[in-house]
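Here is a brief report on empty space and helix packing in one protein model. It takes the largest pocket first, then the cavities, then two helix pairs.

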Amino acid sequence: MSGERTAYPGGQAYRRARRVELLRFAQASRVADGFGYLDDGGTVDPSHPVELYVTCRMTHVFGLGLLVGDPPAPGGPGGGRELTELATHGVTALLDGPLSDTEHGGWFASVREGAVDVATKQAYAHAFVVLAASTARTAGIPRAEELLEEALAVQEAHFWDEEAGMVVEEWDASFTDLDPYRGLNSAMHTVEDYLAAWDAGAGAQWRERALRIATRVIGWAGENSWRIPEHFDADWRPLPEHNADRPADPFRPYGATVGHGLEWARLLLTLATTGDGSAPPAGLATPARLVEAGTRLAERAIRDGWTADGQDGFVYTTDWEGRPVVRERMHWVLTEAIATSTVLHQVTGGARHADDVERWWAYADRHLIDPDGLSWRHELDQDNAPSARTWPGRPDAYHAYQAALVADIPGAASFAGGVAAWST
């Protein structure tokens, strides 16, 4: 192991080393139409299409790396491409490549060899277009402003539901037929990405919309012992048994998703500590309420998820009484635990949150971070051995890169904005 590897897990030098490893690994994902799906060794897996959300997440990460000054280490699978070129490639692919629907607007869910693979227009993936554009704009990437304007126009026209104060889920290619399903996974990332857009200079309405979504989620969670219902019908009535026959679904799993409880907690805390200091509009959560709810969500997720079956690690999902359902350990859940406990410590000063950050990093170092520098293992079984039941390969640098950066940007509304503030 390198000297950086043996540095204290979670320390500043350690975190930077992990970010550099992630960038080195992720740069190999560059393909003609965006960014592809990486396997365990860091090679694009041709069995997967080029997916919109992956392309957006990689564009975001490369933009962050550029802002931070964490260039990819030499000798990686991608050959040391410059981060500016990679982030620019992502923006160009989203504007001019086959993922973009030039007839009806918006972006297709995936393409394969330049042709449309999945034509639906998904709120989840479209939220990440906003994130990629916001980060690229902050990083000064050419045409990022154009991409952000287009992404927000699509949000306004097709995904934001003003009456419900939420986002709808999925359209057909022509934005004609709307799926009756509604979900909080896409809503969660919409909150993150509306905040990023606001922080990148878009209007104040985007932050207010994020707060409107968050206020509704607090209500549902508080009524449900702080386990968040994920699935809803078209009238926003919870569907607690949705996918009970497919509990390990990667995007719509059955039951309470532990990692989403953590992720929502961080977003509520971010909303509480950002803004212009004015009182929220009537009926929306106050900063004090956001901090209280974020703390309760995190406490519930940790209590239900950590060592729930006697082994270290967070289980993926639980039932509505907090009993484990899917026991696999997903890397993204642990990264969200790191990020949320870090922010909780920054906001509240509670020593227990600092202790949790140390515990989560120690687990990551022991079980998830590849000792050969090949990104993070994305999934482990209940015995902490490598698994691929839900997430084969290692396509996602987004969660881990943010976990390795969050301690350096206290009080930031977005990761890009937090880094950009270093030079102002």
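## Pocket, cavities and helix contacts

The lining of the largest pocket splits into nine nonpolar, seven polar and seven charged residues. The model is a predicted one. This pocket, the largest, has a volume of about 430 Å³. Its lining counts 23 residues, and Gln122, Tyr124, Glu170, Phe251 and Arg252 are the closest to the centre. Three elements give two or more residues each to that lining: strand S5 (115-118), helix H5 (123-138) and helix H7 (184-199). H5 has the largest share, with three residues.

**Cavities**

Rolling a probe the size of a water molecule over the atoms shows where empty space is left. Across the whole structure, the search finds three cavities of 30 Å³ or more. The largest and the second largest are described here, beside the largest pocket.

| Space | Volume | Lining residues by class |
|---|---|---|
| Largest pocket | about 430 Å³ | nine nonpolar, seven polar, seven charged |
| Largest cavity | about 210 Å³ | nine nonpolar, seven polar, three charged |
| Second largest cavity | about 90 Å³ | six nonpolar, four polar, four charged |

The largest cavity is lined by 19 residues. Nearest its centre are Arg57, Tyr124, Trp332, Trp391 and His399. Tyr124 is thus named twice: among the residues closest to the centre of the largest pocket, and among those nearest the centre of the largest cavity. Helix H3 (52-68), H7, helix H9 (258-272) and helix H11 (331-348) each give at least two residues to the lining of the largest cavity. H7 also gives two or more residues to the lining of the largest pocket.

The second largest cavity holds about 90 Å³ of space. It has 14 lining residues, and the closest to its centre are Trp226, Arg227, Ala256, Thr257 and Gly261. Strand S12 (256-257), H9 and H10 each supply two or more residues of this lining. H10 gives the most, with four residues. H9 serves the largest cavity as well as the second largest.

**Helix packing**

Two packed helices are described by the angle between their axes and the distance between the axes. How do H7 and H8 lie relative to each other? Their axes come within 8 Å and cross at roughly 150°. Angles over 145 degrees count as roughly antiparallel, so H7 is roughly antiparallel to H8. The crossing is left-handed. On the H7 side, the contact uses Leu184, Ala187, Thr190, Val191, Tyr194, Leu195 and Trp198. On the H8 side, it uses Ala204, Trp206, Arg207, Arg209, Ala210, Ile213, Val217 and Trp220. By class, these residues are 12 nonpolar, one polar and two charged.

H8 (residues 204-222) also packs with H10 (residues 287-305): the axes come within 11 Å and cross at roughly 50°. These two helices are therefore oblique to each other. H8 passes H10 in a left-handed crossing. H8 contributes Leu211, Ile218 and Ala221 to the contact, and H10 contributes Arg289, Leu290, Ala293 and Leu297. Six of the contact residues are nonpolar, none is polar and one is charged.

H10 thus appears in two places: in the contact with H8 and in the lining of the second largest cavity. H7 likewise has a part in the contact with H8 and in the lining of the largest cavity.

Technical notes. Residues numbered from 1 in each chain as written. Predicted model: local features only at pLDDT ≥ 70, side-chain atom pairs only at ≥ 80, totals over all residues. Heavy atoms only, no water. 1 Å grid on protein atoms, 1.4 Å probe; cavity = no way out; pocket = protein on both sides within 12 Å on 5 of 7 lines; lining within 4 Å. Points joined across faces, edges and corners; volume = space filled by probe spheres on them. Nonpolar A, V, L, I, M, F, W, Y, C, P; charged D, E, K, R; others polar. Axes fitted to C-alpha atoms, helices over the stretch in contact; angles between N-to-C directions. Parallel < 35°, antiparallel > 145°, perpendicular 65-115°, else oblique. Left-handed = near helix turned anticlockwise from the far one by under 90°. Contact = heavy atoms within 4.5 Å.
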